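Me: I would like to go through this model with you and ask, for each label put on it, what the label rests on. Please set each value against its criterion before you conclude.

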Amino acid sequence: MTNPSTTGASHSKQDMTHRLGAWLKHHQRVSGESLGTLLGSGLSSLMTWLVIGIALALPAILLVTLNNLGTLSGSWDGNPKINLFLDKHLQESAAGVFSRELRDWPEVKAVTLIRADDALAEFQALSGLGDALLALEDNPLPAVILLEPVNPAEASLRLMVKRLEARPEVASVSVDLAWVARLHAMLNLGERMVISVSMFLGLGVLLIIGNTIRLAIENRRTEIEVIKLVGGTDAFVRRPFLYLGFWYGLGGALIAWLLMLVSLAWLEAPVQKLAGTYGTGFSLIGLDWEQTLGFLLLGALLGVAGAWLAVGRHLRQIEP
Amino acid sequence: MIRFDQVSKRYESGNEALAGVNFELDTGEMAFLTGHSGAGKSTLLKLILMMERPSRGQVFVSGVNLNRLGRRHIPGVRREIGTVFQNHQLLFDRRVYDNVALPLTIAGYHPKEVSRRVRAALSKVGLADKEKQFPLALSGGEQQRVGIARAVVNRPSILLADEPTGNLDPALSAEIMRLFHDFNQVGVTVLIATHDLDLVQRMGLRQLILKEGRIQPDD
């Protein structure tokens, strides 16, 4: 076996490209056969696919929900705004002078003045109260100045708020910092929870696939023995099972993705309705094609990993 | 080609199958391994195929001491040896063609080359028209010949057979033996374990007789 002259026309005489071609053809054939086996066994593999799909769909839907909440809070991200409600009796010209003065403050990045009339018009348009507001004798809304600070750090914000509150033009100051911070903290917490749930479910998927592959190995015990008898390497024996795991994982991820699409579509209408009452055109965002590809790949990887675990454990026990 | 040097094999059950076996089979030689059932014929073949490891002593195949080879070298050893098993060891859910092609697929041959060699091997054993059949549709003798085709398809330098004529009638047995003889004529080293003494006598070839775990001295 070490002397090529005694081995006849062994594969050492084939050139590399020829061997690579044969190897690729073999992979193509094995992966096709594995998929064929799965599709051939109909209901039982469909059940496995569904189990994997549901286990993967849950964390995926949670992650997408979190993502959406994240974009919702995105408009406040990093740059908290300060709302100055001006004194109701302040003249419009005085409000203009004040806003121009603020513009010159070094710690202020942007200033937007919303006059009382504009505020009312906007409120009429968005609140849906419409004509009811026309019945009011005079405008109940004060003029508002929106300030965007240069430095969003909490300490400097507090300092600025104190300075603003001291001004006679200002009736009250509100900073949306606190609730943005709270929302971010909640999103962080949610993310952690989703990640831990995902890990458990991922582990579950790994075990489901591992167990399914273990059964497949048991079913093909004689075949494995014969392959080993005629000189099959461990890699050769392992290959069809790894492909089996790959297809289980990929199929499961595909089902999970479909489940996610369906549930997002189902949520879309109520979300639109809810967003409408807030006067925004918010719409749910699913996965883009890159994320979809990544998700499917992750499923396939989980499948291969589960198969690898099962094969590593059980294949050595089968010796002719 | 095959050399046993003081080889003993004691199973965990305490049963000593081989007790100091010595023999050498030259390249291109053909011999029969005989002895009553349980004399250790199968154990001896399993040691050559590394299905078992000797308790003591050394087995050499093509000059390589098998004791020195680790687990990952086993496939390489088996690829150089064509083996015909007593119970055929065919895959019943695969067609005759795929059964015979298995050693070539494993060795990484290109499908075209595989097809050429499989057809040659099948026509050599007279089953050229059965390649699309499943093994269960074949008779016992035909199944045995599929096993032989699979054993020789990779053109091994050594051919082992364990009771290849076990359940066959005398005419079929003689035919199978003639096949082995043909392979031997083209330079393959052949070792056949059998208890069919009539046949052995008729062939008039070297006999390795196993008795009480040892090879009896040549006459």
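Me: The model is a predicted one; how do you know that strand 3 and strand 9 of chain B pair, and in which sense, parallel or antiparallel?

Reply: Pairing asks for at least two bridges between the strands, and strand 3 (residues 30–34) and strand 9 (residues 206–211) of chain B have 4 bridges, so the criterion is met. The sense is parallel, and one of the bridges can be named, since B:Thr34 has B:Ile209 in strand 9 of chain B as its partner.

Me: What makes strand 10 of chain B a partner of strand 9 of chain B?

Reply: Strand 10 (residues 214–215) is joined to strand 9 of chain B over 2 bridges in the antiparallel sense, and because at least two are required, this count satisfies the criterion. B:Leu210 stands opposite B:Ile215 in strand 10 of chain B. The hairpin that the two strands form has 2 residues between them, and B:Glu212 takes a positive phi near 50° there.

Me: Why are strand 2 and strand 4 of chain A called edge strands?

Reply: The open sheet of chain A has 4 strands in the order 2-3-1-4, with antiparallel pairing. Strand 2 (108–114) and strand 4 (170–175) each have a single partner strand, so one side of each lacks a neighbour in the sheet. From one strand to the next the twist averages 20°.

Me: How many bridges join strand 1 to strand 3 of chain A, and what lies across the sheet strands?

Reply: Strand 1 (residues 82–86) and strand 3 (residues 144–149) of chain A run antiparallel and are joined by 4 bridges, with A:Phe85 opposite A:Val144 in strand 3 of chain A. Helix 3 (residues 92–103) of chain A lies across strand 1, strand 2, strand 3 and strand 4 of chain A, at about 165° to strand 2 of chain A.

Me: What makes a set of residues a nonpolar core, and which residues have the most contacts inside the largest one?

Reply: The members must be buried, nonpolar by the residue list used, and joined through side-chain atoms within 4.5 Å. The largest such core has 45 residues, and A:Leu56, A:Ile213, A:Ile217 and A:Tyr248 have the most contacts inside it. Among the elements that give two or more residues are helix 2 (42–74) of chain A and helix 3 (96–106) of chain B, while helix 9 of chain A gives the most, with 14 residues. Apart from this core lies another, of 37 residues, including B:Met30 and B:Ile192.

Conventions. Residues are numbered from 1 along each chain as its sequence is written. Chains are lettered from A and ligands numbered from 1 in the order in which they are written. This is a predicted model: local features need pLDDT of at least 70, side-chain atom pairs count only at pLDDT 80 or more; totals for chains, interfaces and linings use all residues. Side-chain values use heavy atoms; hydrogens and water are left out. Buried means under 20% relative accessible area, exposed over 50%, partly exposed in between (1.4 Å probe, protein chains only). Axes are lines fitted to C-alpha atoms, for helices over the stretch in contact, and angles run from 0 to 180 degrees between N-to-C directions. Contact means heavy atoms within 4.5 Å.
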